[in-house]
Amino acid sequence: MKTTGISSVDHAPQVVAEWLNALCEDLGWQERGRAWLLLREVLHAVRDYLGADEAADLAAQLPVLIRGMYFEGWVPSRTPAHPRHKADFIARVQAAFAKEPLEDPDRAVSAVLALLRSKVSHGEFREVAHAMQKPLRDLFV
């Protein structure tokens with residue numbers, strides 16, 4: 001159903017559903033709300049671990065609704081975040097799941113990053129991974 005006549009806007013909910021379905025399938029989850037929270041927290045952590053220019057470059061390749069979620073609450077002057085170690089990244093994501101902790105947070109984060117790898121250009125994903133500190137890059141492989 002076209003409501004605006006703007007393809008990227010009219011198609012946006014379907015694109016989000018496709019991303020969430022892919023995450024749910026990969027992780028064996030049923031709850032799309034949990035998948036949305038995971039996607040949001042991982043993308044926010046990635047965004048905040050990047051410099052402002054690289055964060056904006058990544059955003060340019062995201063679908064419109066996911067891009068909006070990605071920028072939600074962003075304070076560019078606070079990026080890149082410190083410290084930027086793998087344990088800090090995982091803990092940041094895990095903190096959003098305090099009531100129902102992730103069974104395997106490394107696996108959950110890797111699932112989002114694999115989805116991101118499949119949706120953005122190879123070159124952009126490589127630049128994002130390279131911008132991370134070496135121990136964190138393991139999640140991007």
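This short talk covers the nonpolar core, one helix, the salt bridges and one buried acidic residue of the structure shown above. Please keep in mind that the model is predicted.

I begin with the core. In soluble globular proteins, nonpolar side chains tend to be buried together. Here the largest nonpolar core holds 47 residues, and those touching the most other members are Leu38, Leu39, Val42, Val46, Phe89, Val93 and Phe140. Two or more residues come from each of several helices, including helix 2 (12–27), helix 3 (32–49) and helix 8 (122–131). Helix 3 contributes the most, namely 9 residues. As for Phe140, its contacts beyond four places in sequence are Val46, Leu113, Arg117, Phe125, Val128, Ala129 and Met132.

Let us turn to helix 5. Which residues of helix 5 are buried? They are Ile66, Met69 and Tyr70. Viewed along the axis of helix 5, these buried residues fall within an arc of 105°, so they line one face of the helix. An α-helix has 3.6 residues a turn, so residues three or four places apart point the same way. The buried residues of helix 5 pack against helix 2, helix 3 and helix 4. Just after helix 5 comes Gly73, with a positive phi of about 75°.

Next, the charged pairs. Side chains of opposite charge can pair when their charged atoms come close. The model contains 5 salt bridges. One of them joins Asp26 to Arg107, with the closest N and O atoms 2.5 Å apart. Asp26 belongs to helix 2 and Arg107 to helix 7, so this pair ties together parts 81 residues apart in sequence. Asp26 is partly exposed, at a relative accessible area of 38%, and Arg107 is partly exposed as well, at 34%.

Another group is a network of salt bridges linking Arg47, Asp48 and Arg92. Arg47 and Asp48 meet at 2.7 Å, N to O, and both are buried. Between Asp48 and Arg92, the closest N and O atoms are also 2.7 Å apart. That second pair links distant parts of the chain, since Asp48 is in helix 3 and Arg92 in helix 6, 44 residues apart. Asp48 has a relative accessibility of 11%, whereas Arg92 is partly exposed at 27%.

I close with Glu124, in helix 8. What is the nearest side chain of opposite charge to this buried residue? It is Arg126, 9.3 Å away, and Glu124 has no salt bridge. The side chain of Glu124 does reach the backbone nitrogen of Leu58, at 3.4 Å. Beyond four places in sequence, Glu124 is in contact with Glu54, Asp57, Leu58 and Gln61.

Technical notes:
Residues numbered from 1 in each chain as written. Predicted model: local features only at pLDDT ≥ 70, side-chain atom pairs only at ≥ 80, totals over all residues. Heavy atoms only, no water. Core = buried A, V, L, I, M, F, W, Y, C linked by side-chain atoms within 4.5 Å. Buried < 20%, exposed > 50% of the residue type's maximum accessible area, 1.4 Å probe, protein only. Helix = DSSP H or I, 4+ residues; strand = E, 2+ residues; numbered from the N terminus. Contact = heavy atoms within 4.5 Å. Lys, Arg positive; Asp, Glu negative; His and termini not counted. Salt bridge = Lys/Arg side-chain N within 4 Å of Asp/Glu carboxyl O. Polar contact = N/O pair within 3.5 Å; in protein donor to acceptor, adjacent residues only side chain to side chain. Arc of directions from axis to C-beta.
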